[in-house]
Amino acid sequence: MKKRIFALMTAVILVLAWGTALAFALENRVIDEANLFSQEELARLESLAEEYSAACGLELMIVTKESTGSMSADWYAGEEFRKAGVTDGALMLLDMEDRYAWLSGTGRGAQLLPDETMELLLDLVYGQLKRDDFAAAAETFLKEAQVEARRASGELMFPRMSLLAWLVCLGVPLIAAGGFCVWVVRNYQFRDVQYEYPCRQLGRVELTQSENILLGRTVTSRVIPRNNSSRGGSRSSGRRSGAGRHF
């Protein structure tokens, strides 16, 4: 009896401890060990991380470190996901000793934000990192990561394009259509002219006889069973995506 009570109490303590650790991790999506952010910037980034995480269904995180030592940035990203209890998320890791930025996704985050998308996000934050504007880079990552995740999931339909690209895509067809309309109006005045073709005098009808001969042919059809075995192609829930660059 005492053993059962002890086991029950142990289970309750473990569940409470796990829940407390998870809640703490979710409340601290910005882990600034390198002290790059002021208190105001830290509070704003925490608020944005919570907002954008809820918007895209992924846990978005920012992690800064003085050094990752001899370990790779990808390994540290995996450790941060593990410590936070995050199975579907994305983070930006800044290693200040090597001035290296690593963007990583795990689980569904790796599916919605593959390596190519991480490279795009790196392009967006690279200039800010070079200027040591780390708060702006973190904010850009959080915002654009949730946009790309929502676009990949089908929630947002419009592709990412610059203002110049939108103007070109919309302006060129409009100018071409307008020019065509002007050309038609100038060359065809649409005057009310009636013309009757003398079909009785000039018309001629010729009838020909056509015969269809069905040749005796045998057609054999065969159904090839579909191969349902999967090979590669799909990302497993345990795989991570990533892209990195020195700044």
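Helices and strands here are DSSP runs, numbered from the N terminus; a helix needs at least four residues. The model is predicted.

**Exercise 1.** Find which residue with a positive phi follows α5, and place it.

*Solution.* Start at the end of α5. Aspartate 132 follows, and its phi is positive, near 60 degrees. Aspartate 132 is not a glycine. Next, place it: aspartate 132 sits in the loop between α5 and α6. Last, check its exposure. Its relative accessible area is 40%, so aspartate 132 counts as partly exposed.

**Exercise 2.** Check whether the length of helix α5 agrees or disagrees with its residue count.

*Solution.* Helix α5 covers residues 115-130, which is 16 residues. The expected span is 1.5 Å times one less than that number of residues. This gives 22 Å. The end C-alpha atoms of α5 are 22 Å apart, so the two values agree. The helix also has a bend, of about 35 degrees, at leucine 124.

**Exercise 3.** List the buried residues of α5 and say what covers them.

*Solution.* Buried means under 20% relative accessible area. In α5, Thr117, Met118, Leu121, Leu122, Val125, Gln128 and Leu129 are buried. Now look at the cover. It includes the strands β3 (89-95), β4 (100-106) and β5 (240-246). The helices α4 (108-112) and α6 (134-152) also contribute.

**Exercise 4.** Describe the backbone and the exposure of arginine 99.

*Solution.* Begin with phi. Arginine 99 has a positive value of about 45 degrees, yet it is not a glycine. Then find its place: the loop between β3 and β4 holds arginine 99. Finish with exposure. The relative accessible area of arginine 99 is 27%, so it is partly exposed.

Note on methods: Residues are numbered from 1 along each chain as its sequence is written. This is a predicted model: local features need pLDDT of at least 70, side-chain atom pairs count only at pLDDT 80 or more; totals for chains, interfaces and linings use all residues. Side-chain values use heavy atoms; hydrogens and water are left out. Helices (H or I, at least four residues) and strands (E, at least two) are DSSP runs, numbered from the N terminus. The bend at a residue is the angle between axes fitted to the seven residues ending there and the seven starting there. Buried means under 20% relative accessible area, exposed over 50%, partly exposed in between (1.4 Å probe, protein chains only). Contact means heavy atoms within 4.5 Å.
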